[in-house]
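Please look through the sequence and the model shown below before reading on. The paragraphs that follow start from a single side chain and then widen to the strands and the chain around it.

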Amino acid sequence: QVQLVESGGGLVQPGGSLRLSCVASGSIYGIKVVAWYRQAPGKQRELVARLTGRSTTMYADSVKGRFTISRSNAENTVWLQMNNLKPEDTAVYYCNIVAVGAGRDEYWGQGTQVTVSS
């Protein structure tokens, strides 16, 4: 069973930057979408950024121009570069991968905490 492990979260001041990483423990074939979601206390999980197999990206309006999603097939890794962080970006961030082979498989990481505060 493939597992996703996120890292890179932490405490940062407003205006600062963080780079989240998501590493898959094994190879995932037929990847269609990689994405980052986040969930703030008392709120629903929301989509932050998505990257398709055709390199099409989508970002939530609240992070456009500040966040960048990318991936490395060779390293089984997905990144989320977050710049100009704001207190409202505080949340647990989750990596998500959807693959389609014989069936549809969806993988989630355990989450990494990002706290933006002075």
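Is S21 buried or exposed, going by its relative accessible area? The model is a predicted one, and in this model the relative accessible area of S21 comes to 16%. Because residues under 20% are counted as buried, S21 belongs to the buried class.

The surroundings of S21 can be followed residue by residue. S21 is part of strand β3, and, once residues up to four places away in sequence are set aside, it touches V5, E6, S7, W36, V78 and W79. With one of these residues, W79, the contact is also polar, since the side chain of S21 and the side chain of W79 come to 3.4 Å in a polar contact.

Strand β3 leads on to the sheet to which it belongs. Four strands, in the order β1-β3-β8-β7, make up an open sheet with antiparallel pairing. The edges of this sheet are formed by β1 (4–7) and β7 (67–72), each of which pairs on one side only, and the neighbouring strands are turned against each other by 15° on average, direction ignored. Between β1 and β3, which covers residues 18–24, there are 4 bridges, and the two strands run antiparallel; within this pair, V5 has V23 in β3 as its bridge partner.

A second residue worth following is Y93, which sits in strand β9, a strand that spans residues 91–100. The relative accessible area of Y93 is 0%, so this residue is buried. The list of residues in contact with Y93, leaving aside neighbours within four places in sequence, is made up of E6, L20, W36, Y37, R38, V48, F67, L80, M82, G111, T112 and V114. One of these contacts, F67, is separated from Y93 by 26 residues in sequence, and the C-alpha atoms of the two lie 13 Å apart in space. The side chain of Y93 also reaches a backbone atom, namely the oxygen of D89, at 2.6 Å.

The pairing of β9 brings in the strand β11. These two strands, β9 and β11, are joined in the antiparallel sense over 3 bridges, and Y93 stands opposite T112 in β11. Strand β11, which runs over residues 112–116, has a covered face consisting of T112, V114 and V116, while Q113 and T115 form its uncovered face. Strand β11 is also joined to β2 (residues 10–12), here through 3 bridges and with the two strands running parallel; in this pairing V12 stands opposite V116.

What do these details add up to at the level of the chain? The chain contains 11 strands and 0 helices. Of its 118 residues, 41% are buried, and among contacts with a separation of 6 or more, residues 24 or more positions apart account for 53%. The accessible surface of the chain is about 6500 Å², and carbon and sulfur atoms hold 46% of this area.

The overall dimensions can be set beside a simple expectation. For 118 residues a compact globule would have a radius of gyration near 13 Å, and because the chain has 14 Å, its value agrees with that expectation. Taken along the principal axes, the box filled by the C-alpha atoms of the chain is roughly 45 × 25 × 25 Å.

Methods. Residues numbered from 1 in each chain as written. Predicted model: local features only at pLDDT ≥ 70, side-chain atom pairs only at ≥ 80, totals over all residues. Heavy atoms only, no water. Pairing = 2+ DSSP bridges. Axes fitted to C-alpha atoms, helices over the stretch in contact; angles between N-to-C directions. Buried < 20%, exposed > 50% of the residue type's maximum accessible area, 1.4 Å probe, protein only. Contact = heavy atoms within 4.5 Å. Polar contact = N/O pair within 3.5 Å; in protein donor to acceptor, adjacent residues only side chain to side chain. Rg over C-alpha atoms; globule rule 2.2 N^0.38 Å. Areas by Shrake-Rupley, 256 points an atom, 1.4 Å probe, with all protein chains shown as cover.
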